[in-house]
Amino acid sequence: MNAPTTLHLGTSQADLTRAAALLRAGDVVSLPTETVYGLGADARNGDAVARVYEAKGRPSFNPLIVHVASTQAAQRYVVWSPQADLLAHAFWPGPLTLVLPLKSGHGISSLVTAGLETLAVRVPAHPVAHRLLELFDGPVAAPSANPSGRISPTTADHVLAGLDGKIAAVVDAGPCSVGVESTIVGLAGEPTLLRPGGVPAEAIEARLGTSLARLASGDPLTAPGQLLSHYAPSAAVRLNAVTARVDEVLLGFGDMACDLNLSPSGDLAEAAANLFGFFHQLDSLKRPIAIAPIPDHGLGAAINDRLRRAAAPRQSPPSGVASAC
Ligand code: TXA
Ligand code: MG
């Protein structure tokens, strides 16, 4: 069911109550989180989840993250473990997603898990997401609220630019503070970094007291959203640029001459928060984009992961393999 007009809701109690009622009715609502805007639906309602895939144009074999209000709520759906407990204590609520074995009687639609035996769960830190999850009082499956393969949204305007008329509502709480998606850690087996993101891998390793296994390149199936070409502006992207070539716009970092600077002071958190918004701005110029080198530690690893995907040759998914999200 396509919504002919998308409600633009604010963060008042009345608006959040309306958003929760829409979720309960099986509608798709875009909600702010501290990382990026999500495209939310009741994770127990297969029809509602199907509408998320439909709005994004994403094939249904790509699993979604389930958002809940608390660790206790997460424990209803997954088999908990001491490692999950350590990480949840340290980083929830916050930009960390844990992949854990599904618990029997979980009630989550198999469209959410794409048939996997594991579930990705996260307790977001954004106060508006938290209020909405409490009002809804259930699990919300939410991928980033962008059409499949496109740049993730960090404002409600970005969401509407891609999905206006295709979803019931967007809850507008202003720009997202973290700006890159959550870090995903697999805990169903050996602790594995499935996607770098808003919590630096180093911080997770320090808390676990062990290093995280990394996905081998060419192993896209464990974190199926990790196709190489992703987060793609429509223009060509060139990395590690020091100066712009003719026609290019230069996206800088640190003290340098450029058209737009992710963080003039070289602050990686500021750069992450600006990343997708600046991509959206540069994309509208329809010129090739050159990007300055970004240090590869801490949040820089998440930024560089997104930049490499933005610069990768555009690919369509091999058959049987999940598409970009
Ligand atoms: O910050 C975020 O994580 C945002 C906000 C909205 O929470 N969400 C987000 O969702 O980035 P999405 O759907 O764009 O990316 C989810 C990633 C995908 O790469 C997907 O394949 C992976 O999570 N994923 C979901 N369930 C999984 C599972 N059971 N095992 C491995 N990877 C999983
Ligand atoms: Mg995404």
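**Notebook: strands, cores and two single residues**

I began with β12, which two bridges join to strand β15 (residues 289-291), the two running parallel; strands here are DSSP runs of E of at least two residues, helices are runs of H or I of at least four, and both are numbered from the N terminus. I was working on a predicted model, where local features need pLDDT of at least 70 and side-chain atom pairs count only at pLDDT 80 or more, while totals for chains, interfaces and linings use all residues. Residues are numbered from 1 along each chain as its sequence is written, chains are lettered from A and ligands numbered from 1 in the order in which they are written, and side-chain values use heavy atoms, with hydrogens and water left out.

I then looked up the partner of Arg-238 and found Ala-290 as its bridge partner in β15. Following the sheet outwards, I noted four strands in an open, parallel arrangement with the order β12-β15-β13-β14, where two strands pair if DSSP finds at least two bridges between them. β12 (237-238) and β14 (260-261) stand at the edges with a single partner strand each, so one side of each has no neighbour in the sheet.

Next I turned to the largest nonpolar core, which has 48 residues, and saw that Leu-87, Leu-96, Leu-98, Val-112, Leu-119 and Ile-204 touch the most other members. Such a core is a set of buried Ala, Val, Leu, Ile, Met, Phe, Trp, Tyr and Cys residues joined through side-chain atoms within 4.5 Å, and buried means under 20% relative accessible area, exposed over 50%, and partly exposed in between, with a 1.4 Å probe and protein chains only. The largest share of this core, five residues, comes from α2. I listed the contacts (heavy atoms within 4.5 Å) of Val-112, leaving out residues up to four places away in sequence, and they include Val-49, Tyr-53, Leu-119 and Ala-141.

For Ser-144, I recorded a place in the loop between β7 (140-141) and α7 (156-163), and I counted Ser-144 as buried because its relative accessible area is 12%. The Ser-144 side chain makes a polar contact with the side chain of Asn-146 at 2.6 Å; a polar contact is a pair of N or O atoms within 3.5 Å, one able to donate a hydrogen and the other to accept it within protein, and residues adjacent in sequence count only if both atoms are side-chain atoms.

Lastly I checked Pro-313, in the segment after α10 (299-311), which counts as exposed at 65% relative accessibility.
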